[in-house]
Amino acid sequence: YQADAKRATLFAAVIIVGLVAIQLRHPIRVFLAFIPVMLGLLWTLGLMNYAGFRANPLSITVFLLVIGIGIDNGIYMVARTRQIGAEAAATELLRPMLLTSGTNVLSFGTLMFASNGMIRSLGYVLTFGVGASLLAAMFVLPPIMRWMTHPAGHPPKAA
């Protein structure tokens with residue numbers, strides 16, 4: 001199982017990065033789109049460790065779902081920032097990102113109440129992961145995008 005899980009994870013990662021690269025067409029934009037996912041996974045691992053949850057084969061596989069769901073917000077934020085700027089993109093995308101990721105968090109969150117330990121851990125991992133990716137996309141990525149478009153000492157030009 002572990003060999004198959006590693007192979008599937010690597011295959012999925014290559015496909016996801018390739019698709020994001022095709023969509024965003026620039027390595028820095030691809031990296032920026034993955035910031036919410038990377039932070040979400042890191043925060044999830046930290047929360048799991050703090051709460052005493054141990055990774056099991058199912059929860060590790062579930063990280064692929066977190067990546068797939070979490071990358072959406074990063075892609076939307078990066079692409080929309082290119083079109084209308086970081087502040088406007090963050091404002092415009094707040095409600096849609098809350099609705100899409102929020103419904104995933106609420107749906108997968110119900111699994112946290114399962115009697116089966118593996119299913120319960122799946123619920124925790126998905127809820128923590130998608131929630132953390134959403135928070136990173138909403139509160140970490142916009143300031144980074146703003147800083148990249150208007151570095152310190154170079155404010156936007158007056159209209």
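Let me start with the surface: in this predicted model, the protein chain exposes about 9500 Å², and 70% of that area is supplied by carbon and sulfur atoms. On the question of burial, 38% of the 159 residues of the protein chain count as buried. As for charge, there are 11 positive and 4 negative side chains, and the centres of these two sets lie 4 Å apart.

Turning to the fold, the protein chain has 6 helices and 0 strands, which read along the sequence as α-α-α-α-α-α. The C-alpha trace spans about 60 × 30 × 25 Å along its principal axes. If we take the contacts between residues at least 6 apart in sequence, 73% of them join residues that are at least 24 apart.

Now to the individual helices, beginning with α3, which covers residues 57-84. How does the distance between the end C-alpha atoms of this helix compare with the expected span? With 28 residues at 1.5 Å a residue, helix α3 should span 40 Å, and its end C-alpha atoms are 42 Å apart, so the two values agree. Just after α3 comes Gly85, which takes a positive phi of about 95°.

The next helix, α4, runs over residues 86-109 and contains Ser101. Is Ser101 buried or exposed? Its relative accessible area is 3%, and because the cut-off for buried is under 20%, Ser101 counts as buried. Leaving aside residues up to four places away in sequence, Ser101 touches Asn73, Val130 and Leu134. Of these contacts, Asn73 falls within the residue range 57-84 of helix α3, while Val130 and Leu134 fall within the range 117-139 of helix α5.

That brings me to α5 itself, and to the aromatic side chains, for which the structure holds 1 aromatic pair. The rings of Tyr124 and Phe128 have their centres 5.7 Å apart, with their planes at 55°; since planes have to be over 60 degrees apart to count as edge-to-face and under 30 to count as stacked, this pair is classed as tilted. Why might two such side chains be placed to meet along one helix? Tyr124 and Phe128 are 4 residues apart in helix α5, residues 117-139, and are therefore separated by about one helical turn. In general, an α-helix has 3.6 residues a turn, so residues three or four places apart point the same way. Finally, Tyr124 has a relative accessibility of 22%, and so it counts as partly exposed.

Conventions:
Residues are numbered from 1 along each chain as its sequence is written. This is a predicted model: local features need pLDDT of at least 70, side-chain atom pairs count only at pLDDT 80 or more; totals for chains, interfaces and linings use all residues. Side-chain values use heavy atoms; hydrogens and water are left out. Helices (H or I, at least four residues) and strands (E, at least two) are DSSP runs, numbered from the N terminus. Buried means under 20% relative accessible area, exposed over 50%, partly exposed in between (1.4 Å probe, protein chains only). Contact means heavy atoms within 4.5 Å. Accessible areas come from the Shrake-Rupley method with a 1.4 Å probe; for residues, only the protein chains shown count as cover. Lys and Arg count as positive and Asp and Glu as negative; His and the chain ends are not counted. The place of a charge is taken as NZ of Lys, CZ of Arg, CG of Asp or CD of Glu. Rings of Phe, Tyr and Trp (its six-membered ring) pair if their centres lie within 6.5 Å; planes under 30 degrees apart count as stacked, over 60 as edge-to-face and the rest as tilted. The expected span of a helix is 1.5 Å times one less than its number of residues.
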